[in-house]
Every structure is written in C-alpha cells, then in structure tokens.
Amino acid sequence: KGRYQVFEPAMHDTALKRLELKADLQRALDNAEFVVHYQPVIALETGGIEGLEALVRWEHPVRGRIPPLEFIPLAEESGLIVELGSYVLGQALEEAGRWHKLLPRDRDPLFVSVNVSSRQLFRQDMVQEIRLMLAREAVPKGTLKLEITESLVMENPERAVEILTWLKTFGAS
C-alpha cells in the first residue's frame, strides 16, 4: 500500500520457487520426507541431559535439505502445519517411548520438547489427539513439553489456558 516496486526477473523466480515449494508440501507429508532430529537440553548445574527438543527437517528429493524458515511459514499459510505438527508430535513421543525403555531414570523423566502452532493448539481435537498419543506410547508424566509463544496464548487466552490445563492433566507440560 502506498508504494510501488519495479518488477525484476528475480521477483518472478522467488515467487515461482515459493509456489513450487508450497505444492511440494503435501507430497512431502504423503511421502514421509520430513525427519525429526533432536537437540539435547542440558542442565547447567549438572551438565547432564534433561531432555531433547524435537526439530523437524525436510529432506526434499531434488533440492536436498530445506531449512525450516523456508517451509514452516508456507505450512502455516496452507494449513498443512496441523498435519506436520501432528506428525512431529507422534514421532517425538514414539522416540521418547524408546528412550524411556532404554534409559530408565530415577529422577524426572527425560523430556521431549515440541513446538506447537496456534492452528494446531486451537484445533477442536488437539487435547484428544495428544491424550491418545501419550497413552499409546505409555511415557511417564512430564515427558512431553509443548513449546508455545506468548503471542499464541494472547490470541485467545481463555481457550489457551483451558487447553493447556487439560493437557497438563494427561501428563504434558
């Protein structure tokens, strides 16, 4: 608004690349091209691993690894962030289930931290989906930590508190 910009061929290339990437997103979900990696969360007092953060990466068959800053905004725009988020949650909890069998701990359980989008959090069946995932993997309470931004909570504070309270009763934090 209130400005103009002279068209340059690079603008067309950027727009075309973005459209192609957007079209590739659904195919990527259908073909399991997304991979979840884990970054350790270290306790400064002990130097020990307290948990892991789930990080999604896209292994595109032609373009190679696509950084999250390129595909997450497109997933948000297209609504595919909900399906992608469910995939990451499922993968992270499945992996956490394996960790708890292989690495039992006397203290707090090893946690897995997963970012959640507003579209995902405010979905009607979000609480039920996470409850079922937690039950299926039989992980200890406190294993799943959901990372949300303050701005997400401020979109609908009452609903956010209601959802987060329900999730806490099922063992997520």
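In the protein chain, if we take the contacts between residues with a separation of 6 or more, 70% of them join residues that are 24 or more positions apart. Please keep in mind throughout that what we are looking at is a predicted model. The chain has 173 residues, and buried residues make up 38% of them, while the C-alpha trace spans about 65 × 40 × 35 Å along its principal axes.

Let me turn to the secondary structure, which comes to seven helices and five strands. If you follow the chain from the N terminus on, the elements run α-β-β-β-α-α-β-α-α-β-α-α.

I would like to spend some time on helix α7, which covers residues 157-169. This helix has 13 residues, and from its first C-alpha to its last it reaches 18 Å, close to the 18 Å expected at 1.5 Å a residue. Which residues of α7 are buried? They are Ala160, Ile163 and Leu167, and because they fall within an arc of 70° when seen down the axis of α7, they line one face of the helix. It helps to remember here that an α-helix has 3.6 residues a turn, so residues three or four places apart point the same way. The buried residues of α7 pack against α4 (118-121), α5 (126-137), β5 (144-147) and α6 (150-155), whereas the face turned away from the buried side carries the exposed residues Glu158, Val161 and Lys168. After α7 comes Gly171, whose phi is positive, near 110°.

Now to a single residue, His60, whose place is in strand β2, residues 49-60. Is His60 buried or exposed? With a relative accessibility of 8%, His60 counts as buried, because the cut-off for that word is under 20%. A polar atom of the His60 side chain lies 3.0 Å from the backbone nitrogen of Val62, and for the backbone nitrogen of Arg63 the distance to a polar atom of that side chain is 3.0 Å. Leaving aside residues up to four places away in sequence, His60 touches Asp24, Arg27, Glu33 and Ile66.

Strand β2 comes back in my last topic, the largest pocket, as one of the elements that give two or more residues to its lining; the others are α2 (68-78), α3 (81-102) and β4 (111-115). About 360 Å³ of space lies in this pocket, and of the 20 residues that line it, those nearest its centre are Val56, Ile72, Ile81, Asn115 and Val116.

Terms used: Residues numbered from 1 in each chain as written. Predicted model: local features only at pLDDT ≥ 70, side-chain atom pairs only at ≥ 80, totals over all residues. Heavy atoms only, no water. Helix = DSSP H or I, 4+ residues; strand = E, 2+ residues; numbered from the N terminus. Expected span 1.5 Å × (residues − 1). Buried < 20%, exposed > 50% of the residue type's maximum accessible area, 1.4 Å probe, protein only. Arc of directions from axis to C-beta. Contact = heavy atoms within 4.5 Å. Polar contact = N/O pair within 3.5 Å; in protein donor to acceptor, adjacent residues only side chain to side chain. 1 Å grid on protein atoms, 1.4 Å probe; cavity = no way out; pocket = protein on both sides within 12 Å on 5 of 7 lines; lining within 4 Å. Points joined across faces, edges and corners; volume = space filled by probe spheres on them.
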